[in-house]
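Got your viewer open and a selection tool ready? Here's a tour, stop by stop, with what to pick and what you'll find there.

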Number of protein chains: 2
Amino acid sequence: MQYRFYNARILTPDGIIHGELRTEGDRITRLSPVSTLDYRDWDREIDLGGDLIVPSFKNAHTHSPMTFLRSRAEDMPLKDWLYKQVFPAEAKLTDEDCYYFTRLAVAEYYSGGTTYCCEMYGHTKAVAQAFADTGFGAYIGSGIFDFDGGYDEITKHAEKLKKEIDALPRVRYALAMHAQYTCGDETLKAVADLSKAFGLSVMTHLSETEDEVASCKEKYGISPVRLLAEKGVFDLGGTGFHCVHVDDEDVRIMKSLNVGAVTCPCSNLKLASGIAPLKKLLDAGLKLGVGTDGAASNNALDMFRETYLATCLQKYSLNDAVAVRAKDVYRAATSGEAFGLAGADGLYEGALADMAVIDIHAPNMQPITDAESNLVYAGGRHNVKMTVSGGRIVYENGELLYGEDYGALLEKCNAAAERIKSEI
Amino acid sequence: MQYRFYNARILTPDGIIHGELRTEGDRITRLSPVSTLDYRDWDREIDLGGDLIVPSFKNAHTHSPMTFLRSRAEDMPLKDWLYKQVFPAEAKLTDEDCYYFTRLAVAEYYSGGTTYCCEMYGHTKAVAQAFADTGFGAYIGSGIFDFDGGYDEITKHAEKLKKEIDALPRVRYALAMHAQYTCGDETLKAVADLSKAFGLSVMTHLSETEDEVASCKEKYGISPVRLLAEKGVFDLGGTGFHCVHVDDEDVRIMKSLNVGAVTCPCSNLKLASGIAPLKKLLDAGLKLGVGTDGAASNNALDMFRETYLATCLQKYSLNDAVAVRAKDVYRAATSGEAFGLAGADGLYEGALADMAVIDIHAPNMQPITDAESNLVYAGGRHNVKMTVSGGRIVYENGELLYGEDYGALLEKCNAAAERIKSEI
């Protein structure tokens, strides 16, 4: 596809310019304050009427098929929710269920300006296929843990999955282990070895709750971050999801081993896990990402809400209105750096054509002053007029444009949700 | 206007029913699971295709004209923001500015499913006129304080303002004083006397920050709540905005004097004021409301964000996933009870026809399980398909339907914002 967007505001790494932006294939090929005539066969030339092109969100931690559990059982204690609702329901999921519930998640991502995610879930191949079929970008792993079997079984399964996933467009296998507390020594050894064999860093849930850190210290005498570092899991770097309860030593280790941190403020708040120390992570120079976690514990897949909360919770928890700048959190939410995505750290020539168009004329974006900060403090998914994923317009003015039969998708998802409910 | 909505889900006080809802004038006249033929001359008969009718939001604390300061100066210390930006800019506001910036706020309210607010600001007559001209419902007061003059001046001004405002449609004068710390004895006496003269309860900012409470205790030896109670300000009841730092005695006093509490979680978070003890307020049986505060410190006028935060911040701060139920907060955000609105505490025959239609087919509302909880945990203003204010459809599928020339409004607002910026 070749698009020419003109009469646009464009959010560049150096601020907002007025002008035009061109894409060819999956890249931005021109970005200029000057509009020049060009008699090329554009697929579309689009007058944006002054609306704002921004980098799309890169959701750095999610479990997309968990849309099937959205609002399934609210306002109940965590343990009841987990053991009486989540686990029994997950046991009934099929590959086909996961495929369609992931497509439902993609509809939510696209209509909210998100085009990439870092995904961890079972039925991994089916989930990856759903991303591939919708043109959605993903780094995706299964979340290796002890229940997968011994060293050999884990290794073989990972090798097979990597081949299958890497063969698909726009998706890439990620070496993801579930968490320190679900992985014994043999599993950790398998993951550390796979990391070297694949040349991939390791992603994992990390220091999400106080309990998790306390249990690890009781069992091993050291924190989860240090444990995984000592086991060689982070030898090629890594990504930690949540990082709510990391201390100063943890942060030093993460920095020295190039382990990025992903914050999921909505999930951490709703499950009462706490507030991640973003200012400390940013000040230490860690790569930061922002994620939604799964819809079961959120319940939306809304990156606007995450960036807003990430910023404001720091102000609250540090009692400092300047604690973390909106711009820094917005960059973290759109770059994908924390999970290894390259070329998405802003809009510039050569960068990925993963973008959203923001309706700058909406009441909540007016008057136009500091549009970049305002995206974080007042912006919402209703401001997304258009989403471009991998150089293709996939959403525009309320319509999904990638061949989704949305009515049929909802029927499939509701039928599956009903079936699962009846089976447990 | 006479509307018939059919093939609808309807959120009633007893749960969601499927059926039809009729409105005549500003009231709901029929609500039934059975659709019956009727050859009346409906202004419109609308097939909702299964979408969900809910009570509209009633924004219980706001300063609507402050849209003029949205994203004006972000990520700076509170004192610099207040003294170098807010106060100098406010001094340059004209009645005309406030009129148009309030219309801008109304566009944001309507497109997000809000039809009523409890307003406090200067240029009060102009603000009230903007509400009246857009059909928006408001209780509105000036925020009486010492700078308004002595006893006689305050009294005369309030009497005049009350007459002017009560003559307008859909708006009603509210006896609002700014706060304990800006009102000396003479002002408090004037407010207490006006309360009896008008037969109105008193609204005021109340225990918003730790500093405010500490200063009051230092000066008077008692809390702001107790001080105002002892001065007779709450003799006819009242409404406290924010109530972040109220203690058990304060809550008992508020309950016994019928003083409602309004929470503004986004503003309290961004300004690092703290988290109001909602569970305690609800358990004590206080009337609770939810508000956005002004756009200058929020920066959106988005009641979905407020209800989400109000609920989840309790879970976080009490370390209890069951702390406050979504349904209770949603009811607080839609009833307007805390500022004295009657007949808006749900959808039933005879209730106010102030409603919103929610697109239940949007990805974030699917699959359909517990739609009421999901409105709070996943809902957003992008889910609002239609808004009905005082029995009139004022917003539908992205369009404002009350005669607003939106392009001209934006021009006026941006020109005024520029002028004010250049004058300070």
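Two strands count as a pair if DSSP finds at least two bridges between them. Keep in mind as you click around that this is a predicted model.

**Stop 1: the start of chain A**

Select residues 2–12 and 15–24 of chain A. These are strands β1 and β2, which run antiparallel and are joined by nine bridges. To find one of the bridges, show A:Q2 and look across to its partner in β2(A), A:E24. How many residues does the hairpin between β1(A) and β2(A) pass through? Two residues link these strands.

Now add residues 27–32 of chain A. That brings in strand β3, which is antiparallel to β2(A) and held to it by five bridges. Put A:T23 on screen and you'll see A:I28 of β3(A) opposite. β2(A) and β3(A) make a hairpin too, with two residues between the strands. Click on A:G25 in that turn: its phi is positive, at about 60°.

**Stop 2: two domains in chain A**

Next, colour chain A by domain. The assignment puts 2–56 + 347–400 in domain 1 and 58–339 in domain 2. Taken over C-alpha atoms, the centres of domain 1 and domain 2 of chain A are 29 Å apart. Where they touch, domain 1 of chain A contributes 20 residues and domain 2 of chain A contributes 22.

Which elements of domain 1 of chain A give two or more residues to that contact? Select α13 (371–377), β16 (384–389) and β17 (392–396) of chain A. The largest share on the domain 1 side comes from α13(A), with five residues. Colour that side by residue class and you should get nine nonpolar, seven polar and four charged residues.

**Stop 3: a parallel sheet**

Stay with chain A and show strands β10 to β14. Five strands make an open sheet here, ordered β10-β11-β12-β13-β14, with parallel pairing. Which strands stand at the edges? Pick out β10 (175–179) and β14 (288–290) of chain A: each has a single partner strand, so one side of each has no neighbour in the sheet. Look along the sheet and compare neighbouring strands, which are turned by 25° against each other on average, direction ignored.

For a closer look, select residues 259–263 of chain A, strand β13, together with β14(A). The two pair in the parallel sense over three bridges. A:T263 is a handy landmark, since it stands opposite A:V290 of β14(A).

**Stop 4: a pair of helices**

Select residues 124–134 and 151–166 of chain A, helices α3 and α4. They pack at an angle of about 10°, and their axes are 10 Å apart. That angle is why α3(A) counts as roughly parallel to α4(A). The crossing of α3(A) past α4(A) is right-handed.

Turn on side chains for the residues that make the contact:

- from α3(A): A:T124, A:K125 and A:A128
- from α4(A): A:L161, A:E164 and A:I165

By class, this contact has three nonpolar, one polar and two charged residues.

**Stop 5: where the chains meet**

Finally, bring chain B back into view. Between the chains, 49 residues of chain B are in contact with 49 residues of chain A. To light up the chain B side, select α2 (95–111), α9 (265–270), α11 (303–318), α13 (371–377) and α14 (406–423) of chain B, the elements that give two or more residues to it. Nonpolar or charged, what does this side hold? It has 24 nonpolar and twelve charged residues, along with 13 polar ones.

Methods:
Residues are numbered from 1 along each chain as its sequence is written. Chains are lettered from A and ligands numbered from 1 in the order in which they are written. This is a predicted model: local features need pLDDT of at least 70, side-chain atom pairs count only at pLDDT 80 or more; totals for chains, interfaces and linings use all residues. Two residues are in contact if their C-beta atoms, placed from the backbone, lie within 7 Å. Helices (H or I, at least four residues) and strands (E, at least two) are DSSP runs, numbered from the N terminus. Ala, Val, Leu, Ile, Met, Phe, Trp, Tyr, Cys and Pro count as nonpolar, Asp, Glu, Lys and Arg as charged, and the others, Gly among them, as polar. Axes are lines fitted to C-alpha atoms, for helices over the stretch in contact, and angles run from 0 to 180 degrees between N-to-C directions. Angles under 35 degrees count as roughly parallel, over 145 as roughly antiparallel, 65 to 115 as roughly perpendicular and the rest as oblique. A crossing is left-handed if the near helix is turned anticlockwise from the far one by less than a right angle, and right-handed if clockwise. Domain bounds come from an automatic or database domain assignment.
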